[in-house]
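Thank you for sharing this entry for comment. Below are a few numbered points on backbone geometry, set down for checking beside the structure.

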Protein chains: 2
Amino acid sequence: MSDEPSSLSNDSPAPAADVEPVAFSRREILQGSLIGAAAIGTLGAPAVAAAQAAPVARGTLSHYHVRATDKTVHWGYFSKKLPPVVTVASGDFVTLETVTHHANDDAERMVQGDPGVESIFYWDKKRKGVDRRGAGPMDASVFGRGAGEGMGVHVCTGPVFIKGAEPGDILEVRILDVKPRPCGNPAFKGKTFGSNAAAWWGFHYKELIEEPKPREVITIYEVDATGERDWAKAVYNFRWIPQTDPFGKVHKTIDYPGVPVNHAYTKRNFGVLKNARVPIRPHFGVMGVAPAEADMVDSIPPSYTGGNIDDYRVGKGAVMYYPVAVPGALFSVGDPHASQGDSELCGTAIECSLTGTFQLVLHKKNTLPGTALATLNFPLLETQTEYVVHGFSFANYLAELGPKAQSEIYGKSSVDLALRDAFRKMRHFLMTTQSLTEDEAISLMSVAVDFGVTQVVDGNWGVHAILKKSIFSAG
Amino acid sequence: MSDEPSSLSNDSPAPAADVEPVAFSRREILQGSLIGAAAIGTLGAPAVAAAQAAPVARGTLSHYHVRATDKTVHWGYFSKKLPPVVTVASGDFVTLETVTHHANDDAERMVQGDPGVESIFYWDKKRKGVDRRGAGPMDASVFGRGAGEGMGVHVCTGPVFIKGAEPGDILEVRILDVKPRPCGNPAFKGKTFGSNAAAWWGFHYKELIEEPKPREVITIYEVDATGERDWAKAVYNFRWIPQTDPFGKVHKTIDYPGVPVNHAYTKRNFGVLKNARVPIRPHFGVMGVAPAEADMVDSIPPSYTGGNIDDYRVGKGAVMYYPVAVPGALFSVGDPHASQGDSELCGTAIECSLTGTFQLVLHKKNTLPGTALATLNFPLLETQTEYVVHGFSFANYLAELGPKAQSEIYGKSSVDLALRDAFRKMRHFLMTTQSLTEDEAISLMSVAVDFGVTQVVDGNWGVHAILKKSIFSAG
């Protein structure tokens, strides 16, 4: 870790108590109990459509469990300067607890009684458990919102340093398991809760038809903590009213993450959406590696290194591939969602703390030629049945938009641009991994690839393109 | 039919030989052999989530079969002035043969030996089987391409006049069956073919990376005519080269529908996409009723009356609901597709002649209050598991863009606008059919509704929003 000194004021190496090795037998892995039933990670193998998982490092594999605490999370940004919370070898497993940045929308249901979450959201007149929230200045000299200015909002667990990872390599992340984090408050035993904020950055915000306009509305959803019930239900909603944070700043809108909502003054409408069962799709909105272009990068806009892609398909059984941009890759996960629709229209999903177990497999640059990962320069998703490429309005906005990229990206996005990028990436994927001509790739895209709206609320808007594996299964 | 006189030069009432009643028993319907296994048409019933189909007119139901010939199709336009090819009562069945306007991309495989298709595509030095192709002037005074100027390209079968239909009513169209049209050429017995044109109006056209740029490429696909094989395969592709039509006009690009391609001069590349099996999704790209706003309406841009929606979900088992805009509704179907991906990126699908069987159910205006159809003013799709609303860059471009709408629509569309329209329509659908507040509807859209790119090649671009019925099934 000493080669990654921290320049960030509120970060210190995670204490041993927050990271612990997990005992498991080699046999457990071989039997697939950790790997799960999915045929995963097929792209790193020499043959394009190999059914076997890519080989991992032989020898002893380790499994670490990283608790989510004020010491193991970074809030609202990616940074190549962050000290890792754990260092792993290729093939190792890591369980990362992740916490939603919306937990304080209802502290009773999402914070209280959970020591890890309490440590993250701790905020009294003198101190915050995690002071920096966002990539902005610590002295709040831009907007006066608070340290980090909320320029980036997601509580991210990590980073995980992968030994030997260097720019040009590909990090394969296998999502082996995703579980809801049970509510720590005995009053809600066996339940889990999430928050959906219809906020000022939502696509709907300037289009409201009912009064008062505009308004922000938060809906609290209940999720079954056992995972047996495959749907969520709404508990209540309330209109955001100005909230005074413990430092005395007033937040007229949802402009800074983790502001505790004082429900003594809100009007809660119970029984909303009473006939609706929302299918759950547990996944991680933010997952990725640290970008190289800047020291502090807002966690909101997704980019070539992943981050806030907000694709509900990034759940259990899925595999993500990321281009490594900095030494050690610095993998982090956050923004856990119980469910989300394509577009994430109102600004958020059901934001709900989840715990994920991942296997991290490093593909070194010199092993890539001849594989499907050889020229991958964007985040790629593989599920049991599909490949999904993620297009953004700007494929690498930090490089494309220059020094002011992190502010300008918020005014320049369109779905049209994201569609163009998804088209270019899918064409590249088909031409490189299936050896198609451009004409073959374009015809196939028109007749068999589905383009959907991933999100229109993350600064750098997203369109994904879905290719069914079965198209080439007879090849 | 006398109340719908034709002002269109090349149309005359269809001869009896092209339309015939089909014998079937009442029992056949009750047993569901024509209706199929799907639970269809639930929205016209008084209860929102009624499981039963809406009642149809009692008494004798009729079933008509409309052959596709030069007398039963209109090419490239909708028109409230068209004489109907058949008049039906609510509840009646109609089988409509539909023919792809791309059949002449390979006449050997898609025209020859099929008398109906031959009559449509007939074109010698003196005469075309169907002269008008498009809503443009007959004297080709705008572009010099040909009669109708190709301002609209789809061969549409119909219109079907529904007795008693008036503006303000809703027409429910149940798609009971969709079958490929077998190749009429004995050399290709048992097969069916389709054409995919990567054309100048495609989203990819200005983005090509391989030379020569730009270029148009047509790929011919083979589909199993028996319907037993659920995938299509490419046969060959060729680059479009200038084609001289039988009247002597040269078409440097694909600028007029039905121009016969002379394969003596093309270079056909057989064996393209040889490892790819394209899943088939037989559906109708164009299906809808005549708009009220203009006498001649280009068939390319979709609108509130349906038309060229190009959603692959408009296939067997699906139900479409359209607002009736003119007396008799004047329902037509065309642009048959063997398969298409969401976005129809390169400009077309696998354009492949299909035959559909439909049941047409009229919901009179005075029966709508209290039903889910009460305020429907856009084309709505219902499948066994989903409701799909169709958003366009302009919900009713003919009304919104004024007298020059039919040309201006081609320069004004964006996916962003279509997404906004889909959002507005889904909000309306949820608020009216599920009695949700705006806040409830917006939250649900963000966490459970999927927005996808329907098409970006039809002038008026489309985004659809998918709502799972299961969300409300416990209500």
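In which loop of chain A is A140(A) found? The points below begin there, and they should be read with the reminder that this is a predicted model.

1. A140(A) is found in the loop of chain A that runs between α3 (115-121) and β7 (155-162). Its phi is near 55°, which is a positive value in a residue other than glycine. With a relative accessibility of 10%, A140(A) counts as buried, because the cut-off for that class is under 20%.

2. A second positive phi belongs to D335(B), where the angle is near 50°, and here too the residue is other than glycine. D335(B) is found in a strand, namely β20 of chain B, which covers residues 331-339. As for its surroundings, D335(B) is buried, and its relative accessible area is 1%.

3. In chain A, the peptide bond that joins E211(A) and P212(A) is cis, with omega at about -5°. P212(A) lies in the loop that links β9 (191-198) with β10 (217-224) of chain A.

4. In chain B, a cis peptide bond joins E211(B) and P212(B), and its omega is about -5°. The place of P212(B) is in the loop between β9 (191-198) and β10 (217-224) of chain B.

5. When going through the model, a reader may wish to view together the cis bond between E211(A) and P212(A), the cis bond between E211(B) and P212(B), and the positive phi values of A140(A) and D335(B).

How values were computed:
Residues numbered from 1 in each chain as written. Chains lettered and ligands numbered in written order. Predicted model: local features only at pLDDT ≥ 70, side-chain atom pairs only at ≥ 80, totals over all residues. Heavy atoms only, no water. Helix = DSSP H or I, 4+ residues; strand = E, 2+ residues; numbered from the N terminus. Buried < 20%, exposed > 50% of the residue type's maximum accessible area, 1.4 Å probe, protein only.
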